[in-house]
Amino acid sequence: MNPLHRRARRRVAGTAAVLAALAAAVLAGPAAPIPAAANAPGDAGTPAAPVTVFAENFENGQGARPTLLTDYTGAPPVHETYTADPAWLRYCNGYVTSRAAPGTEPAGSNCGAAAWSTVKNLAATLGTWSGADPATNHAVTAYTQSDPGAGKVQLETAEPIPLTAADRFLTFSVDVAATSCWATHPLLSFYLLDGQTARPTSTSPIDACAHPGAVVDGVSVGTYASNGSVLFSGSSAGIRLVNDQASGYGNDGAFDNVRLLDATPQLDLGFSPATVPVGAPATLTFTLTNTAELAAKNGWSFTTRLPPGLRLAAGATTTTCGNGTLTVGSGNTLAVGGDLAAGQPSCTVTADVTSVAGGSYRLCAADVTDRVGVDPPGCASVTFTAPVFDARADAARAVTPPLVLGPIAPSAHSCTTEPGTDGHGVADSLLGGLGSLGLLTTDASGAVASDGARTASAHAGIAGVSLLGGLVTADAVDTAARATSALTPTGPGPVVVRGASVLTGLRVAGVAIAADPAPNTTVSVPLVGSVVLNEQRSVAGGRGITVNALHITLLTGVHITLGSATAALLTGTEPCPAG
C-alpha cells in the first residue's frame, strides 16, 4: 500500500464492493497438514482427505534473513524454484520472511517500517493458524506499495512437478492471510500447468477478507481449497498462482503451505438386495465419493464387465451425477461416466441387473477397467436363489420283511440348482422270489430354458413284467413326473406338476387293465392283497409329485413298487429329497 493512500483509506473504509461468494471450501479452525491418505473402498458417500502430491511451506534453508521468492529453493527431492511477475517482486512484494526477520526492511524493498512490520506479522499469523511456531514461520508476503495490475502471476513453479500416475484429478490448497480488508482484497486463483497450457482449478478466486476461517489480531486467515479440479493425463504438472486484483489500494496479504492435491474420487460398488430370486432385479449402484475439499470433478469414467450369467434387467438407469451415463457395450460391458459438482459429497449411477441362473456373482476392482479420474473399488456380490431340482426315479423296489430289495436302476438329479441329467439301465432283473423284470431304464433331469423356466423331470420304464407267479403281468410299464416353474419379472412363478403312468398289456389276476388308468386306481385281489395303479401323491407342499406305476400290497406285509418317479422344485430352505 502506498503510504499516500493511508488517509484515503479511512474515508472509504467499508465501501469495498461485495464480491461473489467464494465457492472454494474454507476449513473451520486451525488447519492441520492434509494427510497423504485417500478415500478407501467401503465407505461410500463419506469423503476423505485428498492425497498431497506436493507441498511447499517455504521453510527450506530459511533463517531470519528475508529471501526474495525467486531466490528460494524448496526442499528435496523436488528442489522446486519459483518465478513471478515483476510486479509481485518489488514495492514490498515477494519476500519469503518471518517475524524473526530484522526490523529494518530489505534494501530496495520500498516497504517502509510500518509496512515491513505488517509483512512480518502476516507470516506469524499464518504460523498461528497452521499450528507452526509464529515466531519463525515463513510465508510469501505482499504489502502492495504500487498498483500491480490484474491477472499477474504471484507464484509459478519453474520446473514441472513429477506425478506418479496419469488420469488423476488434481487440485490445490493454500493457507492465506489478508489485511487491510476494508480496502481492496487479494483475489487468488490457482492454475494447473499442462506444458504451456494453464488450466483453472476454481470458478472464483480465493478472498480471505470476505471468507475468513478466523480473524487473528485483525488479520483474516484461513485454509482454502480450490472448488474445481483438473483431470490431468500428463506425467508432470506445474502450479501458477495469479492475483486477479489490479489495485494497490489494499491488496495486502501472504500465503503459505501451497499444496498440489490428488483429489481423485473413490468408486464403490453395491448390490441391493444382496440376495434375490432368479429373474428378479437387483440394483447395482456405482457410488462416486468426492474428496474432502469437495472440488468439482468433471469427466470421470470407467468400464465394468459383468460376470457371465449376470445381465442388465429391464428398467431405466438412474443417476444423481451431473451428465451421468451408463451405456451397454459388447461382451457384457457397461461404460459409466459423469460429473461431480462442487460441494457434492458423492453421486450415484444405478441400474437393475438379473440372472436366470442361480448362484453368486462378484464384481471387484479387476472387473473395472479404463478408469479415468476414478480410484478402484472393492468387491461387491449378489446371490440369485433358484428353485432346487429334486428329480429321482427307480425301476423297482420291494419290501419283504425283514428284507428291502432295491431300488433297482436308480437315477437322480437332486438337491442342486444347476441343470443336469442322470440315467441308468439294467437288462434283466430277478426281484428275489417275487418275479422277474425285463429291460429297466430310468432318467432324472433338471433343465433351465432360455426364458429362465425351470423343469425337474423323472422317468422310469420296464419292458416285461411277471410277478407273483403270473398274478401281475405287463408288456411294458412307463412312469413320468414333471414339475415346472416359469420365470416372472419378480422371480420364479408357481410350480405346476404333472404325473402319468402308461401300463401296456397289464393284467391283474387275469383281468386286463386299461393302459392309462386314473390316478390312484385300486384293484383288489381277494385273499391276496391290492394293486394301486398310477399311484400319485403330492410332495413338498404341492411343489412336487411322486408317481408309481404299480404299488402292490400283499396281506403278508410285502410291498412291491414298479416304475417310481419324483419331480419337485424346492425352495432353498426345504429338505431335499422332497419325499
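Is Cys-209 buried or exposed, and what is its relative accessible area? In this predicted model, Cys-209 has a relative accessible area of 12% and is therefore buried, the cut-off for that class being under 20%. Its disulfide partner is Cys-181, which is partly exposed, with a relative accessible area of 22%.

**Disulfides**

A search of the whole structure finds five disulfides, and, when the bonded cysteines of the protein chain are numbered in sequence order, their pairing reads 1-2, 3-4, 5-6, 7-8, 9-10. Three of these links are described here, with their sulfur separations set out in the table.

| Disulfide | S to S distance |
|---|---|
| Cys-92 and Cys-111 | 1.9 Å |
| Cys-181 and Cys-209 | 2.0 Å |
| Cys-321 and Cys-347 | 2.0 Å |

The link between Cys-181 and Cys-209 is left-handed, because the torsion about its S-S bond is about -75°. Cys-181 lies in the loop between β9 (168-179) and β10 (188-194), whereas Cys-209 belongs to the loop between β11 (197-200) and β12 (214-216), so this disulfide ties together parts that are 28 residues apart in sequence.

The link of Cys-92 and Cys-111 is right-handed, with 100° about the S-S bond. Cys-92 sits in the loop between β4 (82-83) and β5 (93-97), and Cys-111 in the loop between β5 and α2, so the parts that this pair ties together are 19 residues apart in sequence. Both Cys-92 and Cys-111 are buried.

For Cys-321 and Cys-347, the value about the S-S bond is 95°, and this link is right-handed. Cys-321 is found in the loop between β22 (318-319) and β23, while Cys-347 lies within strand β25 (residues 346-354), so the pair ties together parts that are 26 residues apart in sequence. Cys-321 and Cys-347 are both buried.

**Helix α2**

The loop that holds Cys-111 runs between β5 and α2, and helix α2 itself covers residues 113-130. Its 18 residues should span 26 Å at 1.5 Å a residue, which agrees with the 26 Å between its end C-alpha atoms. Among the buried residues of α2 are Trp-116, Val-119, Leu-122, Leu-126 and Trp-129, and Lys-120 is also one of the buried residues. An α-helix has 3.6 residues a turn, so residues three or four places apart point the same way. After α2 comes Gly-131, which has a positive phi near 90°.

**Two open sheets**

Strand β23, which follows the loop of Cys-321, is part of an open sheet of four strands in the order β23-β24-β20-β27, with antiparallel pairing. The edge strands of this sheet are β23 (322-329) and β27 (368-372), each of which pairs on one side only. Direction ignored, its neighbouring strands are turned by 10° against each other on average. Within this sheet, β20 (residues 297-305) and β24 (residues 333-340) pair in the antiparallel sense over eight bridges, and Phe-302 has Val-336 of β24 as its bridge partner.

A further open sheet has three strands in the order β18-β28-β26, and its pairing is mixed. Its edges are β18 (275-277) and β26 (359-363), and each has a single partner strand, so one side of each is left without a neighbour in the sheet. Neighbouring strands here are turned by 25° against each other on average, direction ignored. The pairing of β18 with β28 (residues 380-385) is in the parallel sense, over three bridges, and Thr-275 has Thr-383 of β28 as its bridge partner.

Definitions and conventions. Residues are numbered from 1 along each chain as its sequence is written. This is a predicted model: local features need pLDDT of at least 70, side-chain atom pairs count only at pLDDT 80 or more; totals for chains, interfaces and linings use all residues. Side-chain values use heavy atoms; hydrogens and water are left out. Two strands pair if DSSP finds at least two bridges between them. Axes are lines fitted to C-alpha atoms, for helices over the stretch in contact, and angles run from 0 to 180 degrees between N-to-C directions. The expected span of a helix is 1.5 Å times one less than its number of residues. Buried means under 20% relative accessible area, exposed over 50%, partly exposed in between (1.4 Å probe, protein chains only). A disulfide is a pair of cysteine sulfur atoms within 2.5 Å.
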